[in-house]
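Subject: Structure handover

Hello,

Here is the structure I promised to pass on. Please open it alongside this note; the findings follow below.

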Amino acid sequence: SASAAESALNMTYANFIWTTLAFLQGCNSLAPGPPSGVLLNSTGETSLALTWAPPTTGGSPVNYTLTINDSSSSHVVIPDNGSPVYDYAFTGLTSNTPYSVSVMASNDGGNGNQTVVNNCTWAYPPGSITVDILQGSDIDPSLNVTWTAVARVSLYLVFELGSVLQITPQRFLCLSSVCTEIINLHNSSSSGRSFTICVASYNIAGQSGAGKCTTKSALVPGPPSGVLLNSTGETSLALTWAPPTIGGSPVNYTLTINDSSSHVVIPDNGSPVYNYAFTGLTSNTPYSVSVMASNNGGNGNQIVANNCTWAYPPGSVTADILQGSDIALSLNVTWTAVARVSHYLVFDLGYVLEIEPQKFLCLSSVCTEIINLQTSYSSGRSFTICVASYNIAGQNGAGNCTTKSGPGSAPGHGLAFLMPLLVVLLLVIAIIVICLIMIKHIITRKVKDSKNSAGELESMNLLRGNGRSYGTDR
């Protein structure tokens with residue numbers, strides 16, 4: 001019948017269509033080539049990251065099969081979605097362990113060749129890390145870095161997070177349970193800011209993972225340099241200092257006198273030299289002053305300087321001129337003693353008398369000393385004699401002075417009054433000598449002239465005698 005014939009025709013057409021599709025599909029099912037750009041990266045202590053791209057040869061992939069360490073029990077199948085790059089993270093792995101991962105593309109034509117990559121998970125970082133700043137006696141401070149070792153790890157990387165101290169990463173071998181290394185720092189590297197030091201473990205593949213870090217406050221300053229404590233008066237001392245030459249940058253300087261609970265804080269302003277005056281002190285008293293630099297990292301080592309305030313000068317000074325029987329004049333210097341002072345310095349202010357400063361011991365309430373002077377030293381001018389007190393440190397302060405008329409400034413004192421007479425006498429002698437020389441010259445000239453006249457007369461007489469003889473002969 002017509003319906004049966006139509007049904008048979010439809011069946012034949014359907015079989016043709018399915019047969020054709022099956023044929024075409026079989027012709028297009030060429031197996032893919034190996035995936036390209038395959039990389040296995042360490043991303044943590046228990047993870048690895050696989051990345052790859054589709055094959056560049058063979059048929060179009062349908063799926064990608066990932067296998068780790070040739071495990072046949074568990075595969076990861078990633079469908080191809082037309083992406084240019086694929087990635088997959090393997091997690092839950094063992095730290096510091098090597099792994100092998102294969103990736104293979106497949107389609108209805110079969111499996112392509114697999115690509116195998118290898119890598120190792122990171123080792124765990126140290127369990128703890130501490131950093132201590134060591135202020136050495138040399139020009140370089142140091143960092144003492146300590147950390148807890150990790151099982152199956154013998155190499156570690158110590159590095160700075162950031163570049164505050166500008167230290168380069170350093171690799172260290174440690175086979176003990178606690179590791180300690182000292183890293184020297186140059187002063188030019190310290191900035192006074194906080195810094196972060198990290199320690200990372202190397203895995204068996206020689207890769208360092210993420211480190212464990214600790215942040216430390218700023219490198220503390222070194223001790224101030226050029227510290228001097230000078231006596232400037234009976235109740236004052238002057239302290240001078242310069243910034244540290246090592247360690248971190250200072251923020252403040254703390255000054256303490258005689259270990260007092262009260263301190264003076266001087267901010268650092270970038271000056272090359274600082275000074276401070278301690279006033280209201282006790283005369284002739286020793287003092288100890290410390291100066292210490294600090295910043296937000298802590299306090300540096302302090303420097304201690306010692307000195308003593310001056311003793312007060314004598315209450316009064318007199319100087320009397322004594323005319324001795326010999327060629328020397330004398331000064332009788334008298335002064336009032338000072339409490340707690342036993343030694344005094346007597347000196348000539350301006351060096352008019354050219355006497356050297358002299359130190360005297362005096363244990364009484366009134367002190368008297370006689371100073372001999374050579375007359376050749378006296379100039380007839382006024383002079384000033386001073387007496388200064390020595391403090392218990394053997395330093396003399398400002399003296400108390402008296403001005404006196406000089407030897408020879410009045411008659412009867414020394415031989416200075418004879419000087420005008422001596423000058424006049426010398427002038428008279430000079431005039432007499434000149435006159436004698438002139439008289440001698442005149443007499444000599446007269447004698448010479450007389451001799452010349454006598455010679456001329458004798459010559460004339462001879463001429464006359466010759467004339468008379470000539471006439472007689474004729």
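A helix here is a DSSP run of H or I with at least four residues, and helices are numbered from the N terminus. Helix α2, spanning residues 418–473, is where Val447 sits. Please keep in mind that this is a predicted model.

**The surface patch**

Val447 belongs to a nonpolar patch on the surface. Its other members are Val424, Val428, Ile432, Leu436, Ile439 and Ile443. Together the seven residues have about 610 Å² of accessible area. Why can Val447 count toward such a patch? Patch residues need over 30% relative accessible area. Val447 has 41%, so it passes that cut-off. That value makes Val447 partly exposed.

**The disulfides**

How many disulfides does the structure hold? There are four. With the bonded cysteines of the protein chain numbered in sequence order, they pair 1-2, 3-4, 5-6, 7-8. Three of the links are described here, one at a time.

*Cys174 and Cys179.* These two cysteines are joined, with an S to S distance of 2.0 Å. The torsion about their S-S bond is about -90 degrees, so this disulfide is left-handed. Is Cys174 buried or exposed? Cys174 is buried, at 8% relative accessible area. Cys179 is buried too, at 1%.

*Cys198 and Cys213.* Here the sulfur atoms lie 1.9 Å apart. The link is right-handed, with 105 degrees about the S-S bond. Cys198 lies in strand β14 (residues 195–201), and Cys213 lies in strand β15 (residues 212–216). The pair therefore ties together parts that are 15 residues apart in sequence. Cys198 is buried, with 0% relative accessibility. Cys213 is partly exposed, with 35%. The cut-off explains the two labels: buried means under 20%, and partly exposed runs from there up to 50%.

*Cys362 and Cys367.* A disulfide joins this pair, S to S 1.9 Å. Which hand does it have, left or right? The torsion about the S-S bond is about -90 degrees, so the link is left-handed. Cys362 is buried at 8% relative accessibility. Cys367 is buried at 2%.

**Two further cysteines**

Cys120 is buried, with a relative accessible area of 2%. Cys435 is partly exposed, at 38% relative accessibility.

For a start in the viewer, go to Val447 in helix α2. Then turn to Cys198 in strand β14 and Cys213 in strand β15.

Best wishes

Technical notes:
Residues are numbered from 1 along each chain as its sequence is written. This is a predicted model: local features need pLDDT of at least 70, side-chain atom pairs count only at pLDDT 80 or more; totals for chains, interfaces and linings use all residues. Side-chain values use heavy atoms; hydrogens and water are left out. Patches are made of residues with over 30% relative accessible area and no salt bridge: like charges are joined within 9 Å, nonpolar side chains (Val, Leu, Ile, Met, Phe, Trp, Tyr) within 5 Å. Accessible areas come from the Shrake-Rupley method with a 1.4 Å probe; for residues, only the protein chains shown count as cover. A salt bridge is a side-chain nitrogen of Lys or Arg within 4 Å of a carboxyl oxygen of Asp or Glu. Helices (H or I, at least four residues) and strands (E, at least two) are DSSP runs, numbered from the N terminus. Buried means under 20% relative accessible area, exposed over 50%, partly exposed in between (1.4 Å probe, protein chains only). A disulfide is a pair of cysteine sulfur atoms within 2.5 Å.
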